[in-house]
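Me: Please take a close look at one small sheet in this model, and then place it in the setting of the cores and of the confidence along the chain.

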Amino acid sequence: MADHLPPLLLEACVVVGASHSKLREVYQAINNNETLEHLLLEPEVLHVLAPPFVTRSQAESEAVRSHGKRRRSFLRKKRDQPHLAAATPSQALHVFAGGGADRRRGSEDVIVPKDIDLMALPQLCFPGGLQVTKEQKDEQFHFLVFTDVFGNKTHGVVMQCYHPILEGRSLFQNGAGSFKFSKLFFAYGFCVISKYPYFTALKDCLSCLLIQLKTCHLSDMEEKVREFAAKLAMVPIPPPGQLHLMFTLHPLTIVLPSREDKDQPAIDLDLHLPFFCFRSRQLLQVLSCLLQEQRVVLFSADWARLTLVAESLLLFLQPLSWQQPYVPVLAKGMLDFLMAPTAFLMGCHLSHFERVTAETDDLILINIDNGSVSTSCCETVDLPEIPLAAADCFTQRCLSLNIHFDLHQCHRASCADISEQRAQRRAWQHSLNHDIQRITLELIVNIFRDVGSHLNYEHRVFNSEEFLKTREPAEQLFYKKVLETHIFHSFLKDRLNRKMDSFARMELGTRSAMQKMKAMVEVCRPTMQEIQAHRKSSVTESRLNKRLGMSLPNLRDDQTINFQRNSLLPRIIISDPTSRTTPKPVKVFQLPDLPASLSTHSVQSYYSELIQQLDKAIVSVHNENPALLARFYFLRGFINTLCSRRLDALCDFQNLYKTDTAIFPTQLVTWLVDSLHRGERKQADRRPELKRLILRVKTENKKPSVQPDDYVKKFELPRKPLLQEEFVRCVQECGIVKDVATIHRLFDALTDGQTNQVDPKVFRVFYTFWKETEAEAQDVSLPSEVIDHLDNNECVHKLSSYVKTSHGVGKIAMTQKRLLLLTEGRPGFLEITKFRDIQEVKIASASFVLVRIPSLRIQTSSRPEVFEANLKTETELWNLVVKEMWAGRKMADQHKDPQYMTQALTNVLLMDAVMGCLQTQRSIIAASKLAYFDKIKHEVPMMVPKATSETLKHKINPSQDLAEPQTVHVLLYTPGFLSFSPSPGEMKAKLWVALSGGKVVVFDAASWSMLQDCIQVGESQLNCMLGLIQDQVWIGSQDSVIYIIDTDSMSCNKQLTEHRSEVTGLTVDTREQHNSQQTFSCSNDGTILQWDSASLKVKRQFCLSCDRLSSIQIHDGTLWCCCGDSIMELKRNGTPQRRMALPDDLRSMLISFSSFIVIPERGQLWTGCADSGELCLWHTNNDRQPSKRLSLPGSSGVTCMIRVKDQIWVGCRGRSSVGGQCDSQLRNQVLVMDPESHTVSKELQAHSDSVQTLCSAEDRYVLSGSARRDGKIAIWKVE
């Protein structure tokens, strides 16, 4: 099995102590009257106990043995060794060396797990050395972590026990007399090793073993330890999620907590221990040292504290993962490790503090016992500290932690039952650990929130220089050091891979309203209010949350979102409801009592009872809790694997695959499939579900393994001429603009049509000018009355030099909404005009003495007089700028699309940079190539038809984070609460958008801001979506899979694979909202499946004979199917009841139905064809009445149809001319049909490509999505 072994608690149990020869030396030294203090023994491995403990078949034994390396026990002693008196060290050694076992069985191989290094283990089990003592000491525990070269960790818990080795009797009699000594004690250690960090649970297990060892005879000790190890080897590890496992090891009940998700470790230690050891300031210092990857050494007089505190500190950094050497416990013989030149985290005994301080340089020394942080050079730490704003927030959060269990329990009655008391302690610790993880995660988010603003995902570039420029001066050294570390580099990889981990979820969930507002602005610069507030605010109100983004407004006529001014610059501190979240409820599953003996029968009985309990658990949650159901399938599959019930295990894993793919054990299932015997394979082939699973596994194994991108590029300016393709990549990498069409226009501007490449010097000057202009925008200082006049999301993007105007001397300032004159002398301003109020812009000349100076004249509807400014050499550029902003505003207002204004602003800023870069006579001609909207307003009619203008409410762009527009294939609205801040537990209304390549984007239907930029569901095109009442979204794909997204976690962990061909349709019977039996899916091969949406099992299946089944609908319990050349009505048993065939003239043209609408109360069936610009109306109540054909104006085909209230909305493709191009970009339209008069009541034109999909939002709005040349979503008002 190798790495595919089921996860069990025990990896190995190792007994460590002194060898027989060493003990003989001790006796000799005592005989020579030497003191015990100077007699240090060399610990050795006495015995290794590792699974399997129960006899298996030969094949399975070999598979298991491949998991470890074969090692013959070198501890077994010959029978002819001289026997010492009873209870001597020789006897103790003989017990642990397996002498007792030799009497029952011959010498055998010890299977040592391959990840365990037996060479170093004895020293780590006795890090302070092994001594013989005159007094019996209390048992001691400490904890170990072993890390291999690949970063994989193995964990150990060590228990040191003392046992008398001399009982006052004669030791040697060699004729010289006899000697008598007082009782001496010999220490031996038990180390339980596991791949999982269950420190508390394993300590409890060893405590239970200790009770047995104290009461048993020495001769029985080996068997007790063997039984103990065998029992732990039968305890499975809980799968990731909210299912904990509980088992009893007399006299304690022990709980194994699960991981929250597969990328996080299990938390089985007290995370509040560092808060006992350090004040908040010192704790932040320690975390800062770790983030900067310093050489850190922990010290304590208690070996146990070292690992527990070190593990807690590393958990505080999650999801950042420590990449450097990590040895939390260094034995006294390993101190030379501290001379390593690389960064590390290690732990030493406090007795070595002075020596380490004197003999090493540049170490960070952390004394856990007194909470001090110093260096080996001085008593203070001269390292950059964590940014003050994030640190202050963390300190304030720490004050709210309840880290004292006694205070928590003081109002409760005393527990008479130890199990109840331990349960209360566990519940308190679980809640406290959750609070601490939330606080430390918030710290990490506050430190690194802005990293995402400087990432280019397409080219995997992080612009570190620009990121550093946005930091406060006092913070820059800290970030500069952190950005160079391996831990940050690994963090960057996860960000560029768009990993949806705890960091991403918190960062997304804690964005302020203003941050969401700017999420779609390509050129993001701070508003005036932010700049002023930043200058006046304390450092606590600094810019850790300044990665702002613009969301789109709600469906109101007013297209701006207004916020209170005092909330413009949000504080770092997350609101109280966020910080007081409670941990998710967990389910604790009790394992059966572990078998008393290791006989095959007892072990089989144990597993049989465990499977029976899992059977009952599965039945109990089958229709209530899919997450728990998946975990139970997971466990039962593993237990069936251990019991060699391969087919049963595969059935469990098949059910798991449908329920939660996130925890599907792919490697184990592959091993199971490969290990099936011929008879088992034949049985599997007779079971359809197993046959599909095996086929899927075989298919996946044949695919070439695709390694995820694992690199991060630092942005560097080019050093050689750039061709157009290279230029596009370079501009996107540096974060100036993403849109490819805009970059192509910029390329034409910089080359000015003279060359086909951009000189690297020109690009460098352009980039420098762009960044300087960006910096100048942040340094603009405006009077307070100007700031009060601006909208909250407004900022100055361009500022002229001092010029003479018709209203005095001053500077002209341009925001994204208006032009202002900042007057000279007495501070004041004049609003020249809003861009939407401009009527005319032209260049004129003004007389000055004997010369004429170029001027810019602006005619506006807001004032009767013309505004004139003598801009001199700036006149031509300002003329281009104002006209482009004017054209962009008109387009945005008329098309209800704020993206036009955003694009116009980007064009203007690029014009400004091109002018500053080229500075030639032709620079204005080059800049004019970027005046896109001013140009197209002369080529495309600016006026939008009245019906469109009145009905269109808004447009949004789902491809805003992509370089090019994507086709909107499917839209789905899921109802919920439309408030901006729904109460906890209330689900937001959402818009789900399926783009090309299996991408799903999610919008908040209240603000139309993006909630999730990309949920990946396969790689193929998505054809259909359906929202179910169980908080699920089903998505049918071309790859024949139905993907299921959890609307709460926004994750896709379920897949239905019963279809054999492209899934084309999904429907549910809306008459029975709570009937999970009425969900249907169809595929293009004619297969229709009826699902139980709770159990995700197929209830019925039938197949139609047709060329292509493209969609299904259910009306009054009857299924209607679109079958290419016909529309079929089916009976409940799946047999055809009625068929409406395509008209003969259309069939001869190889045209097929694309969509249909059934109106049962009117007895109407409306159909449309993708290649025919007409609708067919059928009368379902009268089969003899002929169909009626309705011509659609300006349409070459019908792509989609929906019914909203008593209207039929039809999505169309425009008429095509020669070459396949549409006659007009506005002829891809949405038509609103009146089913009573059979006429077109509205022609709505808002897309420049064909309308691909329509959906209704609670009959209040209709949303239309278009193909990739447009790629936008229009939101229409329903009357």
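Reply: In this predicted model, strand β17 and strand β18, the latter made of residues 461-462, pair in the antiparallel sense over two bridges, and within this pair Asn 456 stands opposite Val 461 of β18. In general, the strands of a sheet pair through backbone hydrogen bonds, in either a parallel or an antiparallel sense. The sheet to which these strands belong is open and has three strands in the order β17-β18-β20, with mixed pairing. Its edges are formed by β17 (455-456) and β20 (713-714), each of which pairs on one side only.

As for the cores, the largest nonpolar one has 203 residues, and those with the most contacts inside it are Phe 190, Phe 247, Ile 386 and Phe 448. Leaving aside residues up to four places away in sequence, Phe 448 touches Leu 291, Leu 320, Val 482, Phe 488, Phe 491 and Phe 503. A second core, separate from the largest one, has 68 residues, including Phe 747, Tyr 767, Phe 835 and Val 882.

Confidence should be read alongside this picture: the chain averages a pLDDT of 82, with 83% of the residues scoring at least 70. In the chain, confidence is highest in helix α10 (residues 303-316), at a mean of 96, and lowest in helix α3 (residues 89-96), at a mean of 37. Over residues 573-579 the pLDDT stays under 50, and the model has eleven contacts beyond four places in sequence for this stretch; over residues 1217-1226 the pLDDT also stays under 50, and here the model has 16 contacts beyond four places in sequence.

Definitions and conventions:
Residues are numbered from 1 along each chain as its sequence is written. This is a predicted model: local features need pLDDT of at least 70, side-chain atom pairs count only at pLDDT 80 or more; totals for chains, interfaces and linings use all residues. Side-chain values use heavy atoms; hydrogens and water are left out. A nonpolar core is a set of buried Ala, Val, Leu, Ile, Met, Phe, Trp, Tyr and Cys residues joined through side-chain atoms within 4.5 Å. Buried means under 20% relative accessible area, exposed over 50%, partly exposed in between (1.4 Å probe, protein chains only). Contact means heavy atoms within 4.5 Å. Two strands pair if DSSP finds at least two bridges between them. Helices (H or I, at least four residues) and strands (E, at least two) are DSSP runs, numbered from the N terminus. pLDDT is the predictor's confidence in each residue, from 0 to 100.
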